[in-house]
Amino acid sequence: MSTSESGQIGHALVEFSLHGIFPEEDVSSRKVSVQDLVLARESLAAAKTKLESDIHTINEETAPDVNQWVANAKSLEDDINKSRSWANDIVRRSQAPDVSGKTIQEAADKVEFLRREVEYNQQVRHALGAIKQVNELLDQVEQARDERRILDSLHLLERSWAALDAIPVSKSCRVMKLLDMRAFELKSSAHDAFDHVWNSLIQVDTEAQKIAIFERREDEQMTLTDAVMGLKAYKELDQRMALLWHSIDGAIVGPRTNIDAPELPGVQIEDSCLTLNGVADKTITTLFSDLDQVMTYLSERLPEELVYSLSNVMMPELIPRIVGTWLDTAVPTSLQDMDGFQQLTEAVNAFCSRLESLKLSGFQELQEWVDDAPKVWLSKCREMALDSVRTKLSQELGKSKEVERIETRTVSRSEGKELAANGVTSPNDDDDWGAAWDDGEGDAKDDTNTKSESNEDDGTDAWGWGDDAADEQPQAPTEQPPAEPSTEEDPTEAWGWGEEDATEPTPEVAAQKAIPSSKTQSRELTLKETYNISSMPEPVLSLVSAILEDAASLVGSDGNPMATAAAGLFSLPTLVLAMFRAVSPYYYALNMGGNMFLYNDATYLAERLSDVAKDWKTRKDLAPRAIAMLRLDNDIKALQSFATRAYSSEMSTQRTVLRDLMGGSQNLLQQDGLDTADLEAQVDNATSHVRAIAATWSTILSKSVWSQAVGSLVDTIASKLVADVMDLAGIGQDEAFNIANLITRITELDDLFLSPDAAKDAIPATAEYASSWLRLKYLSEVLQSNLQDVRYLWMESELSLYFTVDEVVELIGLSFVDNARTREVVREIEANPQPLGGR
């Protein structure tokens, strides 16, 4: 027999001795020789040695525990022996009682000790039993989890937690920590199993855009109804529904409701699966039809409790999306498309009823949209109107347009002459209509009128067509106190209009006078004047007119569902005009002469709206209530005030520029380091700026307003130089010559107030619009005159009309040496403060 066969016999004996395993048939039937037994004995010896080594190793590893158990056993044995000894002693003493009180007390103490020991042992036994019960429950949880009985595992886990809480042992005890850790691990593993079952019942494939919901799966024991209990147990019902909604939104609802997509897919149900397929149109009815399929599928396949929770997270996202991107964009802005809007509201109402029948909730916003359809339509009209104004303003001013103002009024002889001089013509008269007034009178009255303060900031005063004698205005612009603020709240106040220069007078026709008395020769004339507007007013007027026509058509139309929005439409022009006033300053300021265009445009809007309001009251095709509902008076006043502020702002800006060019707050003639050439350059820059502004405004303003505005700028230069000269400490001969030269450069602006075809000897009308103009010229005469000439200018000429006695005396003191002759002339001038008799 070979060595390997002898080894098999030894191995069979070892396996039988250790594990009780019978050898195979071929080994057990083999003949055994003495040599085989020797080898088998060696195998048994080796196995014995290995077993002893393993036992020794185990003993070494468990020695501390064994020693502890031995010590505990010995301690317990000692306690038992001690208790047995006490018990025997008690029995003995009960049979032979000792009357000693100390002995009785010791016995009582021992009884109490034994009672406490018994209670303790009972508590330990109860705790060990509870621990055993919890451990068994956790074993059952593990078994239920492995068998995919998720609900059973959850119920058992719930029982184990309750039992764990009932164990009268501190939670910091090691055994409690181990049990709590095992329970938590089983909960996590059960949750993983629950997720697996949930994902098999509700399948959402976002990439394939497909959803499948099953009540039960053949390979799973948990149903979808059971899953609700699981979600409650894990307190994940709302969280799980939120995740489900986001998955459904990403797979089905989101792509279907994306109105900006080039093509929209349709919703279909194939093989119990909800999917996207084909192409759908972008109508509201098709959208609601597809959403109806989605809601019906979810409502029929999900338990009611899941449907309720899902609707709570789905509707707050879906309904605003439908309203904001689908319904609001479908709202018409004209009454002509109202039939389609009624069909839209009916479709929305039907969809709301369908959602209610499916026991969905959270769609109140959609129902409110239907109930408030008139408000929705009015809001859309408001949004469209305001947006159209913003859009038009952002497209620049466009091409200017010449418009006319025609008005019939009664004027006096002097008014007729001056109107003719200012380019205001009569369309019904011949070109020489102003000559009829020429009787040689009135020429000397140009500069003697005074301005009466206006009680209202009215932009139409710019044209001078006053209907009341109390509105009379001067020929030339003079500074006046600020007009009383209007009681109307103006939205443009927020834009800062009027804050820079509230005292700027309203521009007016230079020839306006008081209404002639009955003794004054008068004549009724139709007056015409032209000016330019941008492309802005006409779209605004068209928009306002269209809104008012729609509002009027709704008044009395009780059958129209939008009839209740009539009052809101009548108030919409106020918002449109407020938007124009609020936004226009920014866009107009981007263009040269923008503020003057804004002045003209606002004035034009106010005039046309006045005509609209006047015609509105006489229309026979309107219901009386529609006529009474028009409220444009305050808007017209606001536009007039806005126009005045635009004009005032521009004039204030240009005057500031001119003052800065003329030395600013410093005296022009006393600037350090500047010679005569530098001063001349400053004056030339100022006059060039006036000419440039005058050229720009000439293509915008009417002739009368242009003269008024440019005259104000010229007056700024003249008054600045006169004031600077009066502030000098002394004027030498050379300095007087230089100042006179500067005045000559300034007076070249006279040509602005001459018509291109004027005769060479024509007199410029500069003095009519610049109150300091003749004052500047007489200052030049004084600086170039001797004492005798100064006396003549005061006594015989018109110097006293433009300078006071003190000013002339001061000029004499600045220009002449103080001697007897000088003092004599001064005394003579002071003795005649009004040499012309107060003319």
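Two strands are taken as paired if DSSP finds at least two bridges between them. In this predicted model, strand β3 and strand β4 (residues 273-280) satisfy that criterion, being joined by six bridges in an antiparallel arrangement. Within this pair, Ile-269 stands opposite Leu-274 in β4. The hairpin of β3 and β4 has two residues between the strands, and Asp-271 adopts a positive phi near 55 degrees.

A further antiparallel pair is made by strand β1 (residues 202-205) and strand β2 (residues 210-213), which are joined by four bridges. Gln-203 faces Ala-212 of β2, and Asp-205 has Lys-210 as its bridge partner in β2. β1 and β2 also form a hairpin, with four residues between them. In the turn of this hairpin, Gln-209 has a positive phi of about 55 degrees.

The two hairpins belong to an open sheet of four strands, in the order β1-β2-β4-β3 and with antiparallel pairing. β1 and β3 (264-270) are the edge strands, each pairing on one side only. On average, neighbouring strands of the sheet are turned by 25 degrees against each other, direction ignored.

Packing between helices was examined for helix α9 (residues 284-301) and helix α10 (residues 304-330), whose axes come within 13 Å and cross at roughly 175 degrees. Angles over 145 degrees count as roughly antiparallel, and α9 and α10 are therefore roughly antiparallel to each other. On the α9 side, the contact involves Ile-284, Leu-287, Phe-288, Leu-291, Met-295, Leu-298 and Ser-299. These residues meet Val-307, Leu-310, Met-314, Met-315, Leu-318, Ile-322, Trp-326 and Leu-327 in α10. By class, the residues of this contact comprise 14 nonpolar, one polar and no charged.

In soluble globular proteins, nonpolar side chains tend to be buried together. The largest nonpolar core of the model contains 181 residues. Leu-302, Leu-327, Trp-369, Trp-377, Phe-580, Trp-697 and Leu-721 have the most contacts inside this core. Helix α21 supplies the largest share of the core, with twelve residues. A second, separate core has ten residues, among them Leu-137, Leu-138, Leu-164 and Met-176.

Residues up to four places away in sequence being excluded, Trp-377 touches Val-331, Pro-332, Thr-333, Ser-334, Leu-335, Met-338 and Phe-341, among others. The contacts of Trp-377 also include Leu-554, Met-562, Ala-565 and Leu-569.

Ser-584 is located in helix α16 (residues 566-588). The relative accessible area of Ser-584 is 0%; burial requires a value under 20%, and Ser-584 is therefore buried. Apart from neighbours within four places in sequence, Ser-584 is in contact with Leu-393, Met-579, Leu-598 and Phe-642.

In helix α26 (residues 805-815), the buried residues are Val-805, Glu-807, Val-808, Val-809, Leu-811, Ile-812 and Leu-814. The elements covering these buried residues include α21 (703-726), α24 (773-783), α25 (787-795) and α27 (820-831). Helix α21 thus appears both in the cover of α26 and as the source of the largest share of the 181-residue core.

Methods:
Residues are numbered from 1 along each chain as its sequence is written. This is a predicted model: local features need pLDDT of at least 70, side-chain atom pairs count only at pLDDT 80 or more; totals for chains, interfaces and linings use all residues. Side-chain values use heavy atoms; hydrogens and water are left out. Axes are lines fitted to C-alpha atoms, for helices over the stretch in contact, and angles run from 0 to 180 degrees between N-to-C directions. Angles under 35 degrees count as roughly parallel, over 145 as roughly antiparallel, 65 to 115 as roughly perpendicular and the rest as oblique. Contact means heavy atoms within 4.5 Å. Ala, Val, Leu, Ile, Met, Phe, Trp, Tyr, Cys and Pro count as nonpolar, Asp, Glu, Lys and Arg as charged, and the others, Gly among them, as polar. Buried means under 20% relative accessible area, exposed over 50%, partly exposed in between (1.4 Å probe, protein chains only). A nonpolar core is a set of buried Ala, Val, Leu, Ile, Met, Phe, Trp, Tyr and Cys residues joined through side-chain atoms within 4.5 Å.
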